[in-house]
Amino acid sequence: MAQSLARNFTIRNVLLAGILLMLAGDFMFALNDAMGKWLVASFSVGQVVLIRSIGAFFVLGPMIANQGAGKLFRMERPVLQFLRVVATTLDTGLFYAAVVYLPLADVMSFYMAGPIYVAALSHLLLGEKVGWRRWLAILVGFCGVLIILKPSSAAFSLASAYALIGSVAFGFAIILGRRLRGTSDTTLVSWQTIATLIVGGALTIGAWRTPTALDFGAMLLLGVVSCAAHLMITRALKLAPASTLAPLHYSLLLWAVVFGLVFFGDMPSPRILVGSAIVVLAGIFIFHRQKVVETVVPPENVPKGVN
């Protein structure tokens, strides 16, 4: 009896740790987004992405040294690795391009549809069975996206297209991450950071503006914050089931509204709020149905022995 109680207590503590890490990681991501919006108001997207990527290596450097640099080049499924790097680079670059022109909460509303894209793409790319209820929720979620997008010749903007394409790339990155569960977090995050560094450097040609020490430090800090957020969420997914943690990801939208209002004076329009509510409810229902139809506890997102 005592052993059973102790085991249940340990499980609850591990689950709580996963939930707290997920909430902390999402807060760090929201902080990263707000800092990014502030910086791209004064510097080109390429310059912010370049220096941000350099900053990320303050966190990744010790991890690469611990793992061994040689392991970066011993990857499973190189084609999928390359596609994931492309997807994460598009995700990052297009997000910052969108927040140059749109309020933070508006852009984040598009990205909140990521889990809906994942549910639809899982059927097509991973062969996962999706029942009619989840297909209905996917369609409802897309309706929410259309409300946010407001697709008309007068209202559709290039910035909205950036946010939409970036959110789809985000969904593809999640799907590819599932296929590459045997690759260490260090390797996955290192290669996507290297890619953004190269792309950021290319985009900076002819658009470099010498930053002050404060601005340069802020861009480096941006990389540290985003990298820490990635690692927190990855660790959370090892401690608690994805179906438990996924709905917590919608706290990003709340923080986007708060940071947008406090730092930029942006208040989401009723259309954005309605569309966001539809997307969030559809996403939560999808995760609920996924949990209901799974008759056995799914394996950890990252296999044993992968760091």
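The legends below describe close-up views of a predicted model of one protein chain.

Residues are numbered from 1 along each chain as its sequence is written. In this predicted model, local features need pLDDT of at least 70 and side-chain atom pairs count only at pLDDT 80 or more, whereas totals for chains, interfaces and linings use all residues, and side-chain values use heavy atoms, with hydrogens and water left out.

**View 1. The protein chain as a whole is built from 12 helices and 0 strands.** Helices (H or I, at least four residues) and strands (E, at least two) are DSSP runs, numbered from the N terminus, and along the sequence the pattern reads α-α-α-α-α-α-α-α-α-α-α-α. Of the 307 residues, 47% count as buried, where buried means under 20% relative accessible area, exposed means over 50%, and partly exposed lies in between (1.4 Å probe, protein chains only). The accessible surface comes to about 15100 Å², of which 71% belongs to carbon and sulfur atoms; such areas come from the Shrake-Rupley method with a 1.4 Å probe, and for residues only the protein chains shown count as cover. Among the contacts (heavy atoms within 4.5 Å) with a separation of 6 or more, 90% are accounted for by residues 24 or more positions apart.

**View 2. Helix α2, residues 45-67, bends at Val59.** The 23 residues of α2 reach 31 Å from the first C-alpha to the last, close to the 33 Å expected at 1.5 Å a residue, the expected span being 1.5 Å times one less than the number of residues. The bend at Val59 is about 50°, and a proline, Pro62, follows within four residues; a bend at a residue is the angle between axes fitted to the seven residues ending there and the seven starting there. After α2 comes Gly68, whose phi is positive, near 105°.

**View 3. Phe58 of helix α2 is shown with its partners from further along the chain.** Phe58 counts as exposed because its relative accessibility is 58%. Once neighbours within four places in sequence are left aside, Phe58 is in contact with Leu220 and Val224. The C-alpha atoms of Phe58 and Leu221 are 9.5 Å apart in space, although the two residues are 163 residues apart in sequence.

**View 4. Met35 of helix α1 (residues 2-40) is shown with the residues that it touches.** With a relative accessible area of 14%, Met35 is buried. Not counting residues up to four places away in sequence, Met35 touches Ala218, Leu221, Leu222 and Val225. For the last of these, Val225, the C-alpha separation from Met35 is 9.7 Å, and the two are 190 residues apart along the chain.

**View 5. Helix α7, residues 158-179, contains Ala161.** The end C-alpha atoms of α7 are 32 Å apart, which agrees with the 32 Å that its 22 residues should span at 1.5 Å a residue. The buried residues of α7 include Ala159, Ser160, Ala163, Gly166, Phe170, Ile175 and Leu176. Ala161 also counts as buried, because its relative accessibility is 15%, and its C-alpha is 8.2 Å from that of Ala98, a residue 63 residues away in sequence.

**View 6. Leu139 of helix α6 (residues 132-149) is shown with Ala282.** Leu139 has 53% relative accessibility and therefore counts as exposed. The C-alpha atoms of Leu139 and Ala282 are separated by 8.7 Å, while the residues themselves are 143 residues apart along the chain.

**View 7. Helix α11, residues 251-264, contributes the largest share of a nonpolar surface patch.** The patch covers about 690 Å² and is made by Leu254, Val258, Leu261, Val262, Phe263, Met267 and Leu273, of which 5 residues come from α11. Patches are made of residues with over 30% relative accessible area and no salt bridge, like charges being joined within 9 Å and nonpolar side chains (Val, Leu, Ile, Met, Phe, Trp, Tyr) within 5 Å; a salt bridge is a side-chain nitrogen of Lys or Arg within 4 Å of a carboxyl oxygen of Asp or Glu. Leu254, which is found in α11, is exposed, with a relative accessible area of 56%. Ser251, also placed in α11, is by contrast buried at 17% relative accessible area, and, leaving aside neighbours within four places in sequence, Ser251 is in contact with Leu23 and Asp26.
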